[in-house]
Amino acid sequence: MTFTTATLHYFDIEGFPSTAALGENLNLFLKDAGIDFTYIRHKHDEWPAMKEDLTKNKNVPHATMPFVEVNGKVFNKTAPTLRYLSKQLGKYNGDNDEESYRLDTVADVTRDHFGSYAPLFKSTDEEKIKEHFEKDTKKYLAAYNNIYAQTEGPFILGEKISYADFLVYHNIDDDRNAWKHTDLLEKEYPHVAKFGKAFTQRPNLVNYFASLKN
């Protein structure tokens, strides 16, 4: 299946940046791929009816957000959807079993990372937030630094960007914008810093990132 258009669905999370949570992984991916897509943000009270429709009429056994509609079919679960779309596009994936395995392991790391900060998503407890940064954020930054140190970079597979790079970038951003700790990244996690700079300068993403600063 090839595709040039798509529709991305996710919640409109009130009180948070438009980039918050899981939908942004796919938003960045589709933008980078140059896909002509529509991004629809839904209110939470729309979800019960949507979920029932997805389950009964769209053959989605475990309906969750975000999901992508392509050629009349629905694909959900973030990492599997990224893998599937990568295969359809013929890029963003590994060139062999070893590379594919490596990307799968990184995707699992990002899932664990998400699980560490998701419970604090709406927290205003500064002590808990600080404790999380010292205990968890730095642990995952170190893991990512080791991952990116394995090649000349700037991406997981070297010069070739992959679907897992989108997961890494957004998890760092979603973890209370850990990218803002520029000096710490440059000093303690230089390979992560190098990756972040390369990612934000992607031709199809640079204007988008600039717009987020306005």
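# Helix packing and sheet arrangement in a predicted model

Helices α6 and α8 are roughly perpendicular to each other, because an angle between 65 and 115 degrees counts as such, and the two helices pack at about 105° with their axes 11 Å apart. The model described here is a predicted one. On the α6 side of this packing, the contacting residues are Asp-165, Phe-166, Val-168, Tyr-169 and Ile-172, and on the α8 side they are Val-192, Phe-195, Gly-196, Phe-199 and Thr-200.

## Helix α6 and its surroundings

Helix α6 spans residues 163–174, and its 12 residues reach 17 Å from the first C-alpha to the last, which is close to the 16 Å expected at 1.5 Å a residue. The helix is mostly covered, with 11 of its 12 residues buried. Among these buried residues are Tyr-163, Phe-166, Leu-167, Val-168, Tyr-169 and Ile-172, and the list also includes Asp-165, His-170, Asn-171 and Asp-174. The cover over the buried residues of α6 includes α1 (23–33), α3 (78–89), α4 (97–117) and α5 (126–148), together with α8 (190–200) and α9 (206–212). After α6 comes Arg-176, whose phi is positive, near 50°.

Within α8 lies His-191, which counts as partly exposed because its relative accessibility is 31%, between the 20% limit for buried residues and the 50% limit for exposed ones. Leaving aside residues up to four places away in sequence, His-191 touches Asn-145, Tyr-148 and Ala-149. The C-alpha atom of His-191 is separated by 9.6 Å from that of Ala-142, although the two residues are 49 residues apart along the chain.

## The α4 and α5 pair

Helices α4 and α5 pack at an angle of about 170°, with their axes 10 Å apart, and they are therefore roughly antiparallel to each other, as angles over 145 degrees are counted. The residues of α4 that take part in this packing are Arg-102, Val-106, Val-109, Thr-110, Asp-112, His-113, Ser-116 and Tyr-117, and they meet His-132, Asp-136, Tyr-140, Tyr-144 and Ile-147 in α5.

## The four-stranded sheet

The strands form an open sheet of four, in the order β2-β1-β3-β4, with mixed pairing. The edge strands are β2 (36–42) and β4, each of which pairs on one side only, and the twist averages 20° from one strand to the next. The pairings within the sheet are set out below.

| Strand pair | Sense | Bridges | Opposed residues |
|---|---|---|---|
| β1 and β2 | parallel | seven | Ala-6 and Phe-37 |
| β1 and β3 | antiparallel | three | Thr-7 and Glu-69 |
| β3 and β4 | antiparallel | four | Phe-67 and Asn-76 |

Strand β1 covers residues 5–11 and is mostly covered, with six of its seven residues buried. Strands β3 (residues 67–70) and β4 (residues 73–76) form a hairpin with two residues between them, and Asn-71 in the turn has a positive phi of about 50°.

Two helices lie across strands of this sheet. Helix α2 (residues 47–57) lies across β1, β2, β3 and β4 and runs at about 50° to β3, whereas α3 lies across β3 and β4 and runs at about 125° to β4. Helix α3 is also among the elements that cover the buried residues of α6.

## Annotated regions

Two features from the UniProt record, both from an unreviewed entry, can be set beside this description. The record lists "domain: GST N-terminal" at residues 10–93, and over that range the chain is 40% helix and 20% strand, with the end C-alpha atoms 24 Å apart. The record places "domain: GST C-terminal" at residues 96–214, and over this second range the chain is 68% helix and 0% strand, with the end C-alpha atoms 41 Å apart.

Conventions: Residues numbered from 1 in each chain as written. Predicted model: local features only at pLDDT ≥ 70, side-chain atom pairs only at ≥ 80, totals over all residues. Heavy atoms only, no water. Expected span 1.5 Å × (residues − 1). Buried < 20%, exposed > 50% of the residue type's maximum accessible area, 1.4 Å probe, protein only. Contact = heavy atoms within 4.5 Å. UniProt positions renumbered as here; feature names shortened; annotations may be inferred. Pairing = 2+ DSSP bridges. Axes fitted to C-alpha atoms, helices over the stretch in contact; angles between N-to-C directions. Parallel < 35°, antiparallel > 145°, perpendicular 65-115°, else oblique.
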